[in-house]
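Reader: I would like to learn how enclosed space and a chain-to-chain interface are read from a model. Could you take me through one case?

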Amino acid sequence: MKKIINTPESFVIEMCRGIEAAHPELEFVEKYKVIKRKIINKNKVTLISGGGSGHEPAHAGFVGTGMLDAAVCGDIFASPSQIQVYNAILKTQSNRGTLLIIKNYSGDCMNFDSASAMAKEDDDAIVDSVYVNDDIAVKDSLYTVGRRGVAGTVFVHKIAGAAAEAGKTLEEVKALAKKAIANVRSIGFALTSCTTPAKGAPTFSIGDNEIEYGVGIHGEPGIAREKISSANSLAERNVADICADINLDKSEIALLINGFGGTPLQELYLYNNAVTQEFKKRNIKIYKTFVGNFMTSIDMAGASVSVLKLDDELKKLLDAPANTPALKV
Amino acid sequence: MEFLTTKNIIDIIDKMAEVIIANEIPFCEMDSVAGDGDFGMSLAKGFKQLKVDWNSLETDNIGVFLKSCGMVIMEYCGGASGPIWGSAFRGAAKASAGASQISVRDLVKILRGAIESIQKTGERSFGRGAVVGDKTLIDALVPAADAMEKAADKGYSLFDCMEKAAKAAVQGAEDTKKIVARMGRAGTVGERSLDHPDAGAYGIGVIFTAIAEYAKSFK
């Protein structure tokens with residue numbers, strides 16, 4: 001597999017330097033691999049997320065007005081260390097406290113939780129956390145106890161980010177983040193494997209006419225390996241699975257069609273058309289749609305569907321301005 | 001000699017790093033049965049960095065030294081090993097704060113401090129800390145601390161106490177073969193873990209055995 005690369009060892013750092021160069025409002029703290037807003041607003045709750053690299057634009061692409069204040073970048077598909085997270089907390093402290101938005105993976109939870117405990121114990125920092133577990137595909141996995149956190153995390157960043165920007169307290173921002181988490185669901189499928197820079201070869205093998213249904217964002221297994229079907233029948237199944245997990249009767253939703261990195265936008269838009277028809281059939285109103293690569297698995301082909309069930313409060317926060325490299329509202 | 005000095009502890013941690021680096025591959029193989037097979041590599045990564053940073057570690061006293069080691073381990077051990085082993089060093093450092101020499105009683109306290117700190121780390125992320133029987137490194141650490149305390153009560157020498165602790169750690173690891181994992185990620189593979197020791201507990205057995213042997217050279 002060909003990649004634009006110098007060395008696997010310098011991959012993440014060089015990528016982050018590139019992000020900083022393209023977005024002068026962001027600053028890359030190289031020692032701890034943290035992408036942060038250059039100017040930290042001391043009068044709002046600080047929001048930090050992060051995790052393994054390989055999911056770009058997540059999470060560095062969501063640092064900016066109306067969303068995150070910092071993203072902590074681990075190595076490819078590996079949690080950042082607690083020292084990285086700890087230093088991210090210290091470097092972005094405001095007078096209103098810090099909320100960590102953690103995708104539910106054991107490694108991420110342990111490192112973010114330990115960093116939070118250390119910042120509280122040693123530095124009297126005010127830190128709290130929420131855990132995103134939107135993937136309905138599997139209950140437990142090789143990497144998690146409970147459900148995995150995937151593309152729906154972007155909605156949590158958006159909702160919590162708008163709440164923080166509006167000057168709400170840490171408790172209020174946390175409650176709204178938890179409300180978003182309670183109302184977000186995702187399911188995805190892969191057409192090909194991802195290829196990590198270190199290995200340079202596909203992580204898993206998959207036949208030309210096969211898909212992995214319910215795939216995770218590290219190329220880890222989902223529900224079933226099966227024959228590929230049409231976009232319409234995949235959409236029908238994705239929507240049915242989501243509706244079976246959360247009651248969307250007479251609801252309004254925000255829809256996020258997420259590409260895993262290797263699927264062209266034309267297919268994502270085509271897939272959005274198919275998914276939109278499915279929701280229409282079920283009389284579920286789509287209030288807002290996002291289509292693009294938000295939570296990728298490096299170069300994996302495939303897509304996921306995320307749904308945020310809305311009420312007036314969440315709608316308002318969803319509509320609030322956001323200006324980040326990867327999401328503008 | 002019935003006390004260990006700061007210098008002795010530094011030498012012991014040096015030995016520990018050496019053993020962990022030498023066992024990188026065996027520890028990984030042990031973990032691949034019921035885990036994701038990264039244990040040896042993750043652990044060695046942190047201890048290799050410890051050796052790189054060796055001369056810049058703070059050595060004012062035992063507590064300061066152990067805390068300084070913990071910071072490197074937290075930063076460079078990958079996966080769950082960073083928080084677990086880092087917190088063990090942090091707990092050990094708290095239990096030996098300010099000390100420049102320690103008795104076997106202090107050593108028991110340090111072990112207990114490490115155990116408690118690991119349990120707190122688990123509690124934060126999984127709702128409860130591991131106890132003996134959960135098939136984790138706690139299954140080796142707790143029997144080791146208990147055996148050391150018991151040996152101290154009987155008046156054994158410091159080195160004999162360390163040897164008893166090492167033996168108990170090895171036995172504790174052996175006992176994990178009979179257990180189905182239920183904590184952390186290994187907990188999700190369940191039955192597959194039967195008949196295999198927990199990699200972390202096994203690692204503690206290997207490390208403590210090497211340390212007990214090495215400590216004899218302090219006499």
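Author: We shall take the cavities and then the interface. This is a predicted model, in which local features need pLDDT of at least 70 and side-chain atom pairs count only at pLDDT 80 or more, while totals for chains, interfaces and linings use all residues. Residues are numbered from 1 along each chain as its sequence is written, chains are lettered from A in the order in which they are written, and side-chain values use heavy atoms, with hydrogens and water left out.

Reader: How many cavities of 30 Å³ or more does the structure hold?

Author: Rolling a probe the size of a water molecule over the atoms shows where empty space is left. A cavity is a set of points, on a 1 Å grid over the protein atoms alone, where a 1.4 Å probe fits but cannot get out, and its lining residues have an atom within 4 Å of a point. The structure holds four of 30 Å³ or more, and the second largest has about 500 Å³ of space, a volume being the space filled by probe spheres set on the points, which are joined across faces, edges and corners.

Reader: Which residues lie nearest the centre of the second largest cavity?

Author: They are Met16(B), Ile110(B), Leu111(B), Phe208(B) and Ile211(B), out of 24 lining residues.

Reader: How many salt bridges does the rule find across the interface of chain B and chain A?

Author: A salt bridge is a side-chain nitrogen of Lys or Arg within 4 Å of a carboxyl oxygen of Asp or Glu. The rule finds three across this interface, including one in which the side chains of Glu121(A) and Arg90(B) meet at 2.9 Å, N to O.

Terms used:
On a 1 Å grid over the protein atoms alone, a cavity is a set of points where a 1.4 Å probe fits but cannot get out, and a pocket is an open set with protein on both sides within 12 Å along at least five of seven lines; lining residues have an atom within 4 Å of a point.
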